[in-house]
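Here are my notes on the model you sent, set out as numbered points. Please read them with the sequence and the structure open beside you.

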Amino acid sequence: SLTACSSASALAATETRRVLVTGAAGQTGQHIFRKLLAKPGYTPIGAVRSEESRQALLAGTAGIGATNDDATQIPPDSVVVCDITNADTSALDKLLADCDALMICTSAKPAPTGEINEETKRPVFGFPNGQPELVDWAGQKNLIDAAKKATKKDVHVVLCGSMGGTNPNNSLNNLGKITNSDGSVTGGDILKWKRKSEVYLMNESGLPYTIVHPGGLLNEPGNERELCLGVDDKIPGTSNNSVPREDVANVMIAALEDESYRGRSFDLVSKPVGDGVRTKDYGKLLQSLDGKNCDYSLGEIA
């Protein structure tokens, strides 16, 4: 009956999707978190690593920070402190228990150690808050495993990775490498550890997934460029290899809303502002891949 239909649609309208966003005090993660807070139909939970990060996010001083046109006040109870690398995953399991989707925006973050490389005369970078093996592999695996245990079946995992993974010698893999006293080298290899967690998500979790590999991330406004997709570090239609973080956030949110984004892995860049036609239709954007996905037999997996 018409009444039954209208009450069913009213029910659907009042049901919100609970989405855990990790790395919510960072930059790309914060774009996603703030956009979902402002979007009807979603209850986002922002996960951050420390109370300091939580306070900075609430105060509008973390990552991208609050902008003048950002009317979304972040409710304090929507931000939780949770270390995804903790061996005791009970807090994570509880956090994801009633979630419909998981947006993984955490990544090991390189920072200068203060030392200078003798050979290259360049600053040495380390990972003060955890090496890629811990953050990009163990931490992400903890998240994926917690999503598998969730009360709601088929939690959609949307993961932000990175382009460059088909080349094992990519310079990003050298960041944070340590030469030990016995001559062995440990640490670093961030792209190889990212690929390991992505393969685990695709092949071992049984969960619906979308994996986005952005090019170089720009802190510039989104919604102003033509976006381009490709696979295996090759993107037809542009030689540009960067993309605004806000556009990455838009594509990851589109993946939540469009079923055709499930089971897909791809690279993402943008054309320079003013070049091409501004992307508005994310379904059409995905169709430009002609069904292709990234080939994980290329490059190396840690």
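1. In this predicted model, the length of α6 agrees with what its residue count leads one to expect, because 14 residues at 1.5 Å a residue should span 20 Å and the end C-alpha atoms are 20 Å apart. The helix covers residues 190-203, and 12 of its 14 residues are buried, so that α6 may be described as mostly covered under the cut-off of 20% relative accessible area.

2. The buried residues of α6 include Ile190, Leu191, Trp193, Val199, Leu201 and Met202, but Lys192, Lys194, Arg195 and Glu198 also belong to the buried set. Among the elements that cover these buried residues are α5, β7 (156-160) and β10 (209-214).

3. Asp189 is placed in the loop between β9 (185-186) and α6, and its backbone deserves a look, since Asp189 has a positive phi of about 60 degrees although it is not a glycine. Most residues other than glycine have a negative phi. Asp189 counts as buried because its relative accessible area is 17%, and the cut-off for buried is under 20%.

4. What does the side chain of Asp189 join through a polar contact? The partner is the side chain of Lys177, at 3.2 Å. When residues up to four places away in sequence are not counted, Asp189 touches Asn173, Leu175 and Lys177.

5. Gly176 lies in the loop between β7 and β8 (178-179), and it is buried, with a relative accessible area of 5%. Leaving aside residues up to four places away in sequence, Gly176 touches Phe125, Gly126, Phe127, Gln131, Thr186, Gly187 and Gly188. The C-alpha atom of Gly176 is separated by 20 Å from that of Cys105, and the two residues are 71 residues apart along the chain.

6. Cys105 also appears in the description of the largest pocket, which holds about 1300 Å³ of space; of the 43 residues that line this pocket, Cys105, Thr106, Ser107, Ala108 and Lys109 are the closest to its centre. The lining divides into 20 nonpolar, 17 polar and six charged residues.

7. Which elements each supply at least two residues of the lining of the largest pocket? They are α2 (28-38), β2 (42-48), α3 (51-59), α5 (132-148), α6 and β11 (216-218), and the largest share, three residues, comes from α3.

8. A second residue with a positive phi, and again not a glycine, is Asp232, where the value is near 55 degrees. Asp232 is placed in the loop between β12 (227-230) and β13 (242-244), and it counts as buried because its relative accessibility is 16%, against a cut-off of under 20%.

9. Asp232 is also one of the residues that line the largest cavity, which has a volume of about 50 Å³; the structure holds one cavity of 30 Å³ or more. The lining of the largest cavity further includes Ser162, Met163, Gly164, Gly165, Thr166, His213, Asp233, Asp267 and Cys294, together with Arg195, a residue listed above among the buried residues of α6. By class, the lining of this cavity divides into two nonpolar, five polar and four charged residues.

Terms used
Residues are numbered from 1 along each chain as its sequence is written. This is a predicted model: local features need pLDDT of at least 70, side-chain atom pairs count only at pLDDT 80 or more; totals for chains, interfaces and linings use all residues. Side-chain values use heavy atoms; hydrogens and water are left out. On a 1 Å grid over the protein atoms alone, a cavity is a set of points where a 1.4 Å probe fits but cannot get out, and a pocket is an open set with protein on both sides within 12 Å along at least five of seven lines; lining residues have an atom within 4 Å of a point. Grid points are joined across faces, edges and corners, and a volume is the space filled by probe spheres set on the points. Helices (H or I, at least four residues) and strands (E, at least two) are DSSP runs, numbered from the N terminus. Ala, Val, Leu, Ile, Met, Phe, Trp, Tyr, Cys and Pro count as nonpolar, Asp, Glu, Lys and Arg as charged, and the others, Gly among them, as polar. Buried means under 20% relative accessible area, exposed over 50%, partly exposed in between (1.4 Å probe, protein chains only). A polar contact is a pair of N or O atoms within 3.5 Å; within protein, one must be able to donate a hydrogen and the other to accept it, and residues adjacent in sequence count only if both atoms are side-chain atoms. Contact means heavy atoms within 4.5 Å. The expected span of a helix is 1.5 Å times one less than its number of residues.
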